[in-house]
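Biologist: Before we talk, please put the model up so that we can both look at it. Then we can go through a few strands and the core together.

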Amino acid sequence: MPLSHQHLIFVGRYATADQPGILAFAFDEANATLTPCGSCAGVVNPSFVVVHPNGRWLYTTSETSQGQGGVSGGVWAFRFERDAANAAVAIEPLNHRPSNGDDPCHVLLDISGQWLITTNYTSGSVAVFPVQADGSLGEMSDFDQHHGGSITPGRQTGPHAHSAGWTPDNQFVIVADLGTDQLFVYSFDHTTGKLGTPACTATRPGSGPRHVVFHPHHQHLYVANELDNTVSVFAYDPASTALTEQQFLATLPPGTSESAVADIHISPSGERLYVSNRGHNSIAVFDVNVDGRLTLIGTPACGGNWPRNFALAPDNRYILVANQYSGDLAVLPAVPGSEALGAPVIHVAVPQASCVQFAHADD
């Protein structure tokens, strides 16, 4: 089979330091198979992973806190080597740095792979690290502490920075803060690794913005709101960095019992948007109209329990879902029309699965 259909993926999970928390699989997109090909222990709760553009380095959070376990969070750097067919992957740690906060739950690289940004959920803060020539992480180059809260008792008594995303020009970072119901837009100095003073856009009270994604061809930002099970559509003005809400709609059918939004992704063509619903255990599928607005076409089952994170395969034929509570990685075919997603074609056991990422370089 052509090598272009053979992809390497990494899965992060909630685990103790003596358990393999980062797992590698070879995904055969032609035959829809997943084959284990490597793992790594030594990190507590590597709940979110990201692969460097060079296809040789890997970064993860260590989602820990002083309140639970007595250890503040951290970020880790790894290098990995794979053979031509992704049959065996060796993963070795390079170094780690404290994240200067509790429960870092997301890591993001810039397009060049020179800077890594992490968000500390419980502390509500953002930290920046340089990526060194050998792939290791340098000393923290900048840090910003959020303040405030919002209306939801128990979830919004303080700031909770949940994730970050780059604007299409790679010049600004947008941080979704679930605790304050705000999107923080930072300018970024790629020479010094410094964040500018953020411009803040309020989301709807009690929405709880969690993850963001830009349209691949237009200036529209889509925001997955965890607390009220919605997605927001914002028009983005690159000249002023202003965000203007254009649409706000549910990710669940009417009358659905309590659930919580998690992840969000858009197809490479920009024609479909996907949002995961934990509790309802579904993937909300939207058609993206020419004006950037959304039409909900269905909420098919995710293939497991508590879809925390998911990834679109490079050929856009499958969606791989990390189901945390059922402890598995499910592979679902993406199909045209109103069906949107087919039934799972394979399940692989991954206890407490939390994140799945493709290593696109050298595929």
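Modeller: Two strands pair if DSSP finds at least two bridges between them, and strands are DSSP runs (E, at least two residues) numbered from the N terminus. This is a predicted model, in which local features need pLDDT of at least 70, side-chain atom pairs count only at pLDDT 80 or more, and totals for chains, interfaces and linings use all residues. Residues are numbered from 1 along each chain as its sequence is written, and side-chain values use heavy atoms, with hydrogens and water left out.

Biologist: Over how many bridges do strand 18 and strand 19 pair?

Modeller: Strand 19 covers residues 230-237, and Ala-224 stands opposite its Val-231. The two strands form a hairpin with 4 residues between them. They pair in the antiparallel sense, over 6 bridges.

Biologist: Which residue of strand 18 stands opposite Pro-209?

Modeller: Strand 17 (residues 209-214) pairs with strand 18 in the antiparallel sense over 5 bridges, and this hairpin has 5 residues between its strands. Opposite Pro-209 stands Asn-225.

Biologist: How many residues of strand 18 are buried?

Modeller: Buried means under 20% relative accessible area, with a 1.4 Å probe and protein chains only. In a regular strand the side chains alternate between the two faces of the sheet. Here His-220, Tyr-222 and Ala-224 are buried on one side, and Leu-221, Val-223 and Asn-225 on the other. The number buried is 6 of 6.

Biologist: Which strand gives the largest share of the largest nonpolar core?

Modeller: A nonpolar core is a set of buried Ala, Val, Leu, Ile, Met, Phe, Trp, Tyr and Cys residues joined through side-chain atoms within 4.5 Å. The largest one has 30 residues, and Phe-10 and Ile-91 are among those with the most contacts inside it. Its largest share, 5 residues, comes from strand 6.

Technical notes. Buried means under 20% relative accessible area, exposed over 50%, partly exposed in between (1.4 Å probe, protein chains only).
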